[in-house]
Amino acid sequence: MTIQQQLIQLAQHLGLADLGFFRTDHPGSGGLGYGITLVARLSDAVVEEITDRPTHSYFHHYRTVNAYLDRCMLEVGLLLQRQGWRYLPVGASQSIPTPEDPNGFHGRFPHKQGACLAALGVMGKNGLFLHRKYGPRVRLGTVFTDCPLVEENPEELENRLCEKCGRCVSACPAHAIKGVVYRRGMPEFSLIDPRLCSEYMKRAFQKIGRGAVCGICMRVCPYGTERRAAEDPSPRETAEEGEEKEKEELRRILEAFAGSGWELLADPAREWLAGTVAPRKLRDAVAAAQDQCGGCGCALDPLYPKALTLLEEIWGEKDKEQ
Ligand code: B12
Ligand code: SF4
Ligand code: SF4
């Protein structure tokens, strides 16, 4: 298994929603040259309780997810280090004041930039990174390394939804969102005024989130929720097309499993293809096979994590409903 496959497997094991790879010469990268973006999904239930103010639950969730991301970045880094590479994690939510920016409106590296370069999504008018599937309801992390990783999605994605929308602009109580659609190469803070946002949070939400959170511009954004039902095919394809492709890919993997001659895996895969096995049973069989054979270097190795992800993506929600 390549190191990149191991990283993807680790990310799945840790419960991350997505992982991306990019090259960079940003000064924050410590000259290491490669970046890994980690994406953690926020709870829809928590985000949807945000109204014209954040909630205590959101503030707690924000802190928990930051700690979780910091932990995941460490695990990713330790895996790289065990194999002889250097790693440098960027604090999930650390602002670093400098003489040029005493307010600390910058981190060591803006995670959003890495996430865009890894083509995991796009920048929104709200100044947030919109994940291609989950919209702005994600938090991000970045690990730099000198391990030469392959960029999987060198093309940056396009955002067409913001052009027709402006919900975040009207919802922002601080009038901090300028209403501009992001274009590559724009100067910093072309999208939002960080001072208006920060001062408003500190003034209005001191007793809820110690002035560190708000999230209204994330709550109201339809990207990743209503986008799937809308006509806009950005960033890549409609949800239906995406699901069809995922099903087709899963079918090909299961055909490989069915032809493996390994009972543990071949039997449930064959039953799946014949439509006679429950998603949960197949998932358990693939996970057991991965435990027993994963990492042995055979052709099935990279297929286990892929199959588990596809099963989760296609059947995860439906399975939970059962
Ligand atoms: C400082 C900071 C703030 C400041 C400044 C906000 C800002 N927009 O930078 C303040 C206090 C205002 C703030 C507020 C909030 N924040 Co804040 N904040 C940060 C922090 C610590 C640093 C951001 C930074 O360095 N900004 C510098 C500016 C210049 O960069 P940028 O705006 O991020 O990105 C620009 C470029 O990177 C460019 N870009 C995109 N692709 C490319 C490619 C290339 C090649 C180049 C050159 C540029 C480029 O596009 C952007 C627009 O100019 C990050 C954590 C981190 N290290 O990233 C969290 C972070 C940005 N915050 C986050 C969040 C969620 C919030 C809030 C909703 C508060 C909350 N948690 O409830 C609000 C939202 C405000 C808003 N609408 O943007 C999340 C965003 C998640 C997401 N989905 O995008 C982050 C990433 C934390 C995390 N770990 O997830 N925050
Ligand atoms: S609310 Fe609308 S305009 Fe704002 S970021 Fe989301 S899609 Fe774009
Ligand atoms: S976090 Fe709140 S104050 Fe800041 S830009 Fe978003 S809606 Fe406006």
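In which helix is the place of Arg283? Arg283 sits in helix H12, which covers residues 279–293, and this report, which describes a predicted model, starts from that residue and then turns to the domains, the cores, the strands and the three ligands.

**Arg283 and the two domains**

With 18 C-beta neighbours inside 10 Å, Arg283 counts as partly exposed, because a residue is called buried at 20 or more such neighbours and exposed at 12 or fewer. Once residues up to four places away in sequence are set aside, Arg283 touches Leu308 and Leu311. Phe257 is 26 residues from Arg283 in sequence, and the C-alpha atoms of the pair are 13 Å apart in space.

The protein is divided into domain 1, residues 3–228, and domain 2, residues 239–317. Between the C-alpha centres of domain 1 and domain 2 there is a distance of 31 Å, and the contact takes five residues from domain 1 and five residues from domain 2. On the side of domain 1 that touches domain 2, these residues divide into one nonpolar, three polar and one charged.

**The nonpolar cores**

In soluble globular proteins, nonpolar side chains tend to be buried together. In this model the largest nonpolar core has 62 residues, and those with the most contacts inside it are Ile36, Leu38, Val39, Val76 and Cys217. Helix H3, residues 56–82, gives the largest share of this core, namely eight residues. Leaving aside neighbours within four places in sequence, Val76 is in contact with Leu7, Leu10, Ile36, Leu38 and Val143. There is also a second, separate core of 15 residues, which includes Ala289, Leu303, Leu310 and Leu311.

**Strands and their pairing**

Strand E2, residues 34–41, is mostly covered, with seven of its eight residues buried. Strand E3, residues 87–90, is covered on both faces, since Tyr87 and Pro89 on one side and Leu88 and Val90 on the other are all buried. The pairs formed by these strands are set out below, each with a pair of residues that stand opposite one another.

| Strand pair | Sense and bridges | Residues paired |
|---|---|---|
| E1 (residues 18–23) and E2 | antiparallel, six bridges | Phe21 and Ile36 |
| E2 and E6 | antiparallel, eight bridges | Leu38 and Gly141 |
| E3 and E6 | antiparallel, four bridges | Val90 and Thr142 |

Two of the residues paired in E2 return from the core, for Ile36 and Leu38 are among the residues with the most contacts inside the largest nonpolar core.

**Val47**

Is Val47 buried or exposed? Val47 counts as buried, because 21 C-beta neighbours lie inside 10 Å of it. This residue has its place in helix H2, residues 44–47. Apart from neighbours within four places in sequence, Val47 is in contact with Leu42, Arg137, Gly215, Met218 and Arg219. Gly215 lies 168 residues from Val47 along the chain, yet the two C-alpha atoms are separated by 8.0 Å.

**Surroundings of the three ligands**

Ligand 1 has 38 residues around it, of which Gly107, Pro110, Gln113, Gly127 and Phe129 come nearest. Helix H4 (111–117), strand E6 (138–145), helix H7 (194–204) and helix H9 (216–219) each supply at least two residues of this shell, and H4 gives the most, with five residues. By class, the shell around ligand 1 divides into 23 nonpolar, twelve polar and three charged residues.

Ligand 2 is surrounded by 13 residues, and the closest are Gly124, Cys162, Cys165, Cys168 and Cys221. At least two residues of the shell around ligand 2 come from each of helix H5 (161–164) and helix H6 (167–171). The classes in this shell are eight nonpolar, three polar and two charged residues.

Which residues are the closest to ligand 3? Of the 13 residues that surround ligand 3, the closest are Cys172, Cys197, Cys214, Ile216 and Cys217. Cys217 also appears among the residues with the most contacts inside the largest nonpolar core. H7 and H9 each supply at least two residues of the shell around ligand 3, and the largest share, three residues, comes from H7. This shell has twelve nonpolar residues, one polar residue and no charged residues.

Notes. Residues are numbered from 1 along each chain as its sequence is written. Chains are lettered from A and ligands numbered from 1 in the order in which they are written. This is a predicted model: local features need pLDDT of at least 70, side-chain atom pairs count only at pLDDT 80 or more; totals for chains, interfaces and linings use all residues. Domain bounds come from an automatic or database domain assignment. Two residues are in contact if their C-beta atoms, placed from the backbone, lie within 7 Å. Ala, Val, Leu, Ile, Met, Phe, Trp, Tyr, Cys and Pro count as nonpolar, Asp, Glu, Lys and Arg as charged, and the others, Gly among them, as polar. A residue is near a molecule or strand if its C-beta atom, placed from the backbone, lies within 6 Å of it. A nonpolar core is a set of buried Ala, Val, Leu, Ile, Met, Phe, Trp, Tyr and Cys residues joined through C-beta atoms within 7 Å. Two strands pair if DSSP finds at least two bridges between them.
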